[in-house]
Amino acid sequence: MLQAAGLAAFRGERLVFRDIDFAVAAGGALLLTGPNGSGKSTLLRLLAGLLRPAAGMLIWDGEDALSDPPMHAMRVAYVGHQDAVKPGLTAAENLHFAARLSGADVGEALLTVGLEELADLPARMLSAGQKRRLALARLVLSRASLWLLDEPTLGLDTASVERLGNMLGAHRARGGLVVAATHLTLPLPDAADLRLA
Amino acid sequence: MAGSSPATTATARLVTVVRRFTAVVARELRLSLRHGADTLAALLFFLLTASLFPLAIGPAPETLGRIAPGIVWVCSLLAALLPLDRLFGADFEDGSLDQLMLCGLPPAAIAMAKAMAHWLVTGLPLLLAAAPLAVMLRMPDSAIAPLLIGLLPGTMLLSLLGTTVAAIVLGARRGGVLLPLLILPLAAPVLIFGVGAADAASGGLSPRPHLLLLAALLAAALPLCPLAAGAGLRSATE
């Protein structure tokens, strides 16, 4: 259960948003929408614990989530608008670090995003959509219960969006939470909507 | 059972922290191995700049041998600077730094892992290359051992200081220019005591006080540098 109470954040000198309140229950999803610059990515970074809120509280299961940042980090799997893919490593090697942290299997994660045949290809040869899928494969590897997604379907083809839908569905069925920011339609049935102005 | 559980959870937590720490170091080493050219560049820079001195000053053993410790130290200091620009820069630009920050380690531990990887990939090869270089520069035999012993904490200090400054200038415009300007004054004491040890030995004095001072600097830098670097990383990712 993730709750936000009166969250506010600054970007430099500018107040991006204030008084953000929401609650996401286990298995629930929250969709962040709003125009460019409305603070969707900032809110996601705040939820990930990368950015400290200027005001308000983030509550996880009734406790202050950000009081122990390394602990909170283990609850979170974050896919930002950058893919964090190293061009010099192969697709599989790009996932090794995430796999080592969680003890999960790289091959299975690549299979979930449909990149199993490209495992040994250097990541610099991958297309933008394939790199995006590689970034999404980290979600499968992590054992985190809160998935934070920043425009996850950017550059994905229809089949990959469908795969992402299956991943999200399975994660929510296990009791996981999803918070996603997007301008596109996401395969997230019955997600609550939070519109940032 | 109830009595042992806090100790057990503490041990379990320590084990996971160590596992994550080694995962970060392994990641860094894998990346350096893949970008072998960048890794070798520092070592080659070290060897080439040091080889310029006999050409510029002349091969007379008395002059060359006299300034050899200084040459080795200045060249290794400059060579250790080379990879610092990309130490966090590459990860910062492609979003990997966010993933690192979310690996469940405090930022200071991430900085420590980075410093350790920098030392293994840059400091250690410099240390190993320094011995043949010292011989080539006609350094007196008695000064070679103190030079190498001094380079051991010295290169570690350069890695720690370098990581700190690299983390602090992260996200700043023209950070690459700022980096040497900030690190060179900080590294001056390391240089002074490092060269002092070798000079003392070639002059027939004991290098011990200089080496102990270097060790003291390392003892202070080990906890302080990662903390400062961690704060730099936090503010860069915010």
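Just after helix α1 of chain A, Gly49(A) takes a positive phi of about 90°. That glycine makes a handy way into this predicted model, since the helix before it is a well-covered piece of chain A. Helix α1(A) runs over residues 40-48, and eight of its nine residues are buried. The buried set is a mixed bag: Leu43(A), Leu44(A), Leu46(A), Leu47(A) and Ala48(A) are in it, but so are Lys40(A), Thr42(A) and Arg45(A).

Two of those leucines turn up again around Val179(A). Setting aside neighbours within four places in sequence, Val179(A) is in contact with Leu44(A) and Leu47(A), and also with Val24(A), Leu30(A), Leu32(A) and Leu148(A). One of these contacts, Leu30(A), doubles as a strand partner: Val179(A) in β8(A) is its bridge partner. The largest nonpolar core holds 138 residues, and Val179(A) is among the members that touch the most others, along with Ala137(A), Leu148(A) and Val72(B). The biggest contribution to this core comes from helix α7 of chain B (residues 141-168), which puts in 14 residues.

Now for the sheet itself. Five strands of chain A make an open sheet with parallel pairing, in the order β6-β7-β8-β3-β9. At the edges sit β6 (76-79) and β9 (192-195), each of which pairs on one side only. On average, neighbouring strands are turned by 15° against each other, ignoring direction. Helix α5 of chain A (residues 128-141) packs on this sheet, where α5(A) touches β6 and β7, and its direction makes about 175° with that of β6(A).

Going through the pairings, β7 (residues 146-150) and β8 (residues 177-181) of chain A run parallel over five bridges, with Leu146(A) standing opposite Leu177(A). On to β3(A), residues 29-33, which pairs with β8(A) in the parallel sense over four bridges. The pairing of β3(A) with β9(A) is also parallel, again over four bridges, and here Leu32(A) stands opposite Leu194(A).

Stepping back to chain A as a whole, the count is six helices and nine strands. The radius of gyration is 16 Å, close to the 16 Å expected from the globule rule for 197 residues, so chain A is as compact as a globular protein of that length. Along the principal axes, the C-alpha trace spans about 45 × 35 × 30 Å. Buried residues account for 45% of the 197 in the chain. As for how the contacts are spread along the sequence, take those between residues at least 6 apart: 70% of them join residues at least 24 apart.

That leaves the meeting of the two chains. Here 20 residues of chain B are in contact with 20 residues of chain A. On the chain B side, the elements giving two or more residues are α1 (5-34) and α5 (96-101). Of these, α1(B) provides the largest share, with six residues. Sorted by class, the chain B side is quite a blend, with seven nonpolar, six polar and seven charged residues.

Definitions and conventions
Residues are numbered from 1 along each chain as its sequence is written. Chains are lettered from A and ligands numbered from 1 in the order in which they are written. This is a predicted model: local features need pLDDT of at least 70, side-chain atom pairs count only at pLDDT 80 or more; totals for chains, interfaces and linings use all residues. Two strands pair if DSSP finds at least two bridges between them. Axes are lines fitted to C-alpha atoms, for helices over the stretch in contact, and angles run from 0 to 180 degrees between N-to-C directions. Two residues are in contact if their C-beta atoms, placed from the backbone, lie within 7 Å. Ala, Val, Leu, Ile, Met, Phe, Trp, Tyr, Cys and Pro count as nonpolar, Asp, Glu, Lys and Arg as charged, and the others, Gly among them, as polar. The radius of gyration is taken over C-alpha atoms; the globule rule is 2.2 Å times the number of residues to the power 0.38. A residue is buried if 20 or more other C-beta atoms lie within 10 Å of its own, exposed if 12 or fewer, and partly exposed in between; C-beta atoms are placed from the backbone. A nonpolar core is a set of buried Ala, Val, Leu, Ile, Met, Phe, Trp, Tyr and Cys residues joined through C-beta atoms within 7 Å.
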